[in-house]
Amino acid sequence: STQSTWENHQEAMALQNAQLSELGKASETKKDEFRKYLEKSGVIDALTKVLVELYEETQRPENGLNFIKKCLGAPTTADLDLVKKENEELHARHNQLQAQVDDLKQRLNQLLPEEAQQDRVDDPL
């Protein structure tokens, strides 16, 4: 009876080891597929190039992550701030020009003779 219990235990352990082995193989296959994807899509080459550039910098950048982002073509925080400021300035200039257009339309309509009042200049641009 002790021997059959021991044999049952050994069989259970063997089954468990076989299942773990299959999981390990599946995991290795998944890792291999992912590695192949990274290679094929150029991710590994791009990251390697960036890391080599970072390594070759004589003075280490204060923010390594921003350095990597910049090398990969992502805008930095400073770039975004500059674009936001420019956007605000352009919106302000647009509003200023629109006000001038509205004012000029109003003045033009006041100067038109009575018979031309039917064709007033107030259609949008």
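User: How many salt bridges turn up in a search of the whole structure?
Analyst: There are 5 of them. To count, a side-chain nitrogen of Lys or Arg has to sit within 4 Å of a carboxyl oxygen of Asp or Glu. Bear in mind that this is a predicted model, where local features need pLDDT of at least 70, side-chain atom pairs count only at pLDDT 80 or more, and totals for chains, interfaces and linings use all residues. Side-chain values use heavy atoms, leaving out hydrogens and water, and residues are numbered from 1 along each chain as its sequence is written.

User: What makes Lys31 and Glu28 a salt bridge?
Analyst: Their side chains meet at 3.9 Å, N to O, and the limit is 4 Å, so the pair counts. Lys31 and Glu28 lie 3 residues apart in helix α1 (residues 2-40), about one turn of the helix.

User: Why is Glu28 called partly exposed?
Analyst: Its relative accessible area is 45%. Buried means under 20%, exposed means over 50%, and partly exposed is in between (1.4 Å probe, protein chains only), so Glu28 gets the middle label.

User: How do you know that Lys85 and Glu89 form a salt bridge?
Analyst: The closest N and O atoms of Lys85 and Glu89 are 4.0 Å apart, and the rule asks for within 4 Å, so the pair is listed. Lys85 and Glu89 are separated by about one helical turn, because they are 4 residues apart in helix α4 (residues 77-111). Glu89, at 46% relative accessibility, is partly exposed.

User: What about Arg107 and Asp103: how far apart are their closest N and O atoms?
Analyst: They are 3.7 Å apart, and Arg107 forms a salt bridge with Asp103. This pair is 4 residues apart in α4, so about one helical turn separates them. Arg107 comes out at 47% relative accessibility and Asp103 at 35%, so Asp103 counts as partly exposed. Elsewhere, Asp32, Arg35 and Glu39 are joined into one network by salt bridges that share partners.

User: Which helices and strands does the chain have?
Analyst: The chain has 4 helices and 0 strands, in the order α-α-α-α along the sequence. These elements are DSSP runs numbered from the N terminus (helices: H or I, at least four residues; strands: E, at least two).

User: Why is α2 called oblique to α3?
Analyst: α2 and helix α3 (residues 64-71) pack at about 130°, with their axes 10 Å apart. That angle makes α2 oblique to α3, because under 35 degrees is roughly parallel, over 145 roughly antiparallel, 65 to 115 roughly perpendicular, and the rest oblique. The crossing of α2 and α3 is right-handed.

User: Which residues make the nonpolar surface patch?
Analyst: Val43, Leu47, Leu51 and Leu72 make it, and it covers about 330 Å². Patch residues need over 30% relative accessible area and no salt bridge, with nonpolar side chains joined within 5 Å and like charges within 9 Å. Leu51, in helix α2 (residues 43-56), has a relative accessible area of 49%, so it clears that bar while being partly exposed.

User: What share of the chain is buried?
Analyst: Buried residues make up 6% of the 125 residues. The chain exposes about 11300 Å², with carbon and sulfur atoms supplying 55% of it.

Terms used:
Accessible areas come from the Shrake-Rupley method with a 1.4 Å probe; for residues, only the protein chains shown count as cover. Axes are lines fitted to C-alpha atoms, for helices over the stretch in contact, and angles run from 0 to 180 degrees between N-to-C directions. A crossing is left-handed if the near helix is turned anticlockwise from the far one by less than a right angle, and right-handed if clockwise.
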